[in-house]
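Got the viewer open and a selection box ready? Here is a short tour, stop by stop.

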Amino acid sequence: MGLTQVVVPMIKSYDFGIGVDYSTSNPMNKAVQGEITGVKNAGGSTASWSITRITTTEELESALGISAEASYGVPAFQGASARFDFAKRSKVQSSSLFLMLSAFVKLEYLSIDEPELTDAAKQLISDPKAFNGRYGNMFVRGVDRGGLFFAVMRIDALSKQDAMSIAASLGGSYSAFSAEGKVKLDELHQKYASELHVETYHEGGPVDLDISSPNSTSDLYDMLRKWLASFRDDPTANSVPYSATLAPMTIAKAPPAPNEADIQHASDVLAICAKTRSRILDSLNLVNFITENAYRCEFTDGISAADFIKASNGYESDLDVIAGCASQAMREVTKAVMPADFAKQQGKSFPLGSIPSPIPTMKSGIAIPLAAPNFVGMTVAATTELAERFGVTLGYSDKIISLSSITLMDGYTLQFPDSKIKVTSQSPQAGDKLPPDNTVLVDGEGIG
């Protein structure tokens with residue numbers, strides 16, 4: 001089977017008619033020319049966004065356009081490092097709940113309708129090897145313009161059961177990222193005393209977009225609205241080319257690549273490497289999550305945190321093997337071999353990583369005291385309950401203390417129910433690091 005058209009992330013030096021080496025995705029010299037047009041009577045733009053639950057790194061990579069399924073393996077290792085770094089930072093694993101927010105703005109798609117070799121490229125038609133060395137075997141035919149925005153929300157609950165309760169309460173209807181939806185997620189976040197971690201990534205949009213980790217879904221919602229508004233206000237200034245369509249050079253009447261069978265085999269090896277690496281990352285993220293939260297874990301059957309540290313080292317070694325295997329397949333397609341065979345060539349064992357069994361359970365009622373929970377907007381009664389679950393000590397302002405107990409002129413004391421006092425501010429703020437004594441000072445006002 002010959003080379004087929006694929007869509008890949010846009011990388012530097014890609015432009016219409018630029019030749020591309022299929023086995024590495026590296027840009028070559030310009031080989032193809034032709035009029036660049038859009039689809040007739042279809043010059044508008046589209047915008048879309050959704051929230052979905054993800055359970056594996058591969059699902060995230062697929063959405064980002066860098067998985068083996070989305071292309072042919074190479075973009076997972078070459079030319080899409082920023083997207084891969086984002087996927088790696090998101091640390092997807094099975095112990096937490098992960099929600100992915102994705103948004104796209106797509107302007108008119110442009111492509112070369114009738115590709116033709118340049119005069120310089122035509123001079124090498126009779127020498128396929130020289131042609132392939134100078135121009136490659138694919139070329140950039142079309143470009144998607146606009147922008148993409150991704151955010152991965154990791155929710156660490158007190159137990160896996162709580163995480164599943166959050167997912168069940170959301171009902172699987174993650175697509176409606178409305179004001180009502182974000183309020184519901186914030187309420188669940190507080191109810192189950194969960195920790196929220198957010199990683200964001202975007203291509204296109206305002207250059208001054210603050211993509212530091214937001215402290216709440218409300219912050220994330222505001223960030224998304226600002227990003228989308230930038231395209232409405234000035235689509236030309238805020239748009240970027242974010243993916244390219246690569247077509248076989250032969251459709252422009254170039255000679256076939258002299259080693260297509262080797263190139264296809266190397267592509268298959270890279271696809272296997274990409275899928276294997278995604279699975280390794282899932283396992284590595286899980287064992288690292290357990291070791292980082294060992295104090296919350298209930299280890300049994302002689303398993304300890306040390307076993308998970310050893311497993312982490314094994315998975316790191318496996319990732320090195322995958323990287324080396326992929327690099328060899330891209331450098332010399334004739335030497336492309338599967339990861340296990342590559343490891344044997346290097347005198348290494350593969351795979352080394354293995355998750356210890358049984359996996360520990362999380363101790364009930366012990367939270368992750370990394371950052372201050374969000375108490376603002378909650379009643380003092382609800383705040384007290386949440387603070388107990390997090391192991392946080394509350395400090396009340398004079399105003400809250402005075403509201404809680406009012407002495408009347410005749411000497412009687414009137415108790416103001418904690419359910420009638422709302423927290424209006426706190427220090428440290430939600431998401432900020434807790435002090436050594438885990439104390440959060442709160443101020444409030446009466447309700448009604």
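Start by selecting Cys273 and Cys325 and showing their side chains. The sulfur of Cys273 has its closest cysteine sulfur in Cys325, 3.6 Å away, which is too far for a bond. A disulfide needs the two sulfur atoms within 2.5 Å. Keep in mind that you are looking at a predicted model. Don't bother hunting for a bridge elsewhere: the structure holds zero disulfides.

Now switch on a surface. Are these two cysteines buried or exposed? Cys273 is buried, at 0% relative accessible area, and Cys325 counts as buried too, with 1% relative accessibility.

Next, select residues 260–292, helix α9, along with residues 305–331, helix α10. Turn the view until you can see both axes. How far apart are the axes of α9 and α10, and at what angle do the helices pack? The axes are 9 Å apart, and the angle is about 160°. That value is over 145 degrees, so α9 and α10 are roughly antiparallel to each other. While you're there, check the handedness: α9 passes α10 in a left-handed crossing. Colour the contact between α9 and α10 by residue type and you should get 20 nonpolar residues, five polar ones and three charged ones.

Leave the helices and jump to a sheet. Select β15 (393–396) and β18 (421–427), then add β19, residues 439–446. Together they make an open sheet of three strands, in the order β15-β19-β18, with mixed pairing. Why do β15 and β18 each have a side without a neighbour in the sheet? Both stand at the edges with a single partner strand apiece, so one side of each is left free of a sheet neighbour. Look along the sheet and you can see how the strands turn: neighbouring ones are at 40° to each other on average, direction ignored.

Zoom in on β15 and β19. Their pairing is parallel and runs over four bridges. For a landmark, label Tyr396 and Val442: Tyr396 stands opposite Val442, which is in β19.

Last stop: go back along the chain to residues 57–64, helix α1, and pick Leu60. With a relative accessibility of 0%, Leu60 counts as buried. Now draw a distance from the C-alpha of Leu60 to the C-alpha of Ser102. These residues are 42 apart along the chain, and the two atoms are separated by 10.0 Å.

Note on methods
Residues are numbered from 1 along each chain as its sequence is written. This is a predicted model: local features need pLDDT of at least 70, side-chain atom pairs count only at pLDDT 80 or more; totals for chains, interfaces and linings use all residues. Side-chain values use heavy atoms; hydrogens and water are left out. Two strands pair if DSSP finds at least two bridges between them. Helices (H or I, at least four residues) and strands (E, at least two) are DSSP runs, numbered from the N terminus. Axes are lines fitted to C-alpha atoms, for helices over the stretch in contact, and angles run from 0 to 180 degrees between N-to-C directions. Angles under 35 degrees count as roughly parallel, over 145 as roughly antiparallel, 65 to 115 as roughly perpendicular and the rest as oblique. A crossing is left-handed if the near helix is turned anticlockwise from the far one by less than a right angle, and right-handed if clockwise. Ala, Val, Leu, Ile, Met, Phe, Trp, Tyr, Cys and Pro count as nonpolar, Asp, Glu, Lys and Arg as charged, and the others, Gly among them, as polar. Buried means under 20% relative accessible area, exposed over 50%, partly exposed in between (1.4 Å probe, protein chains only).
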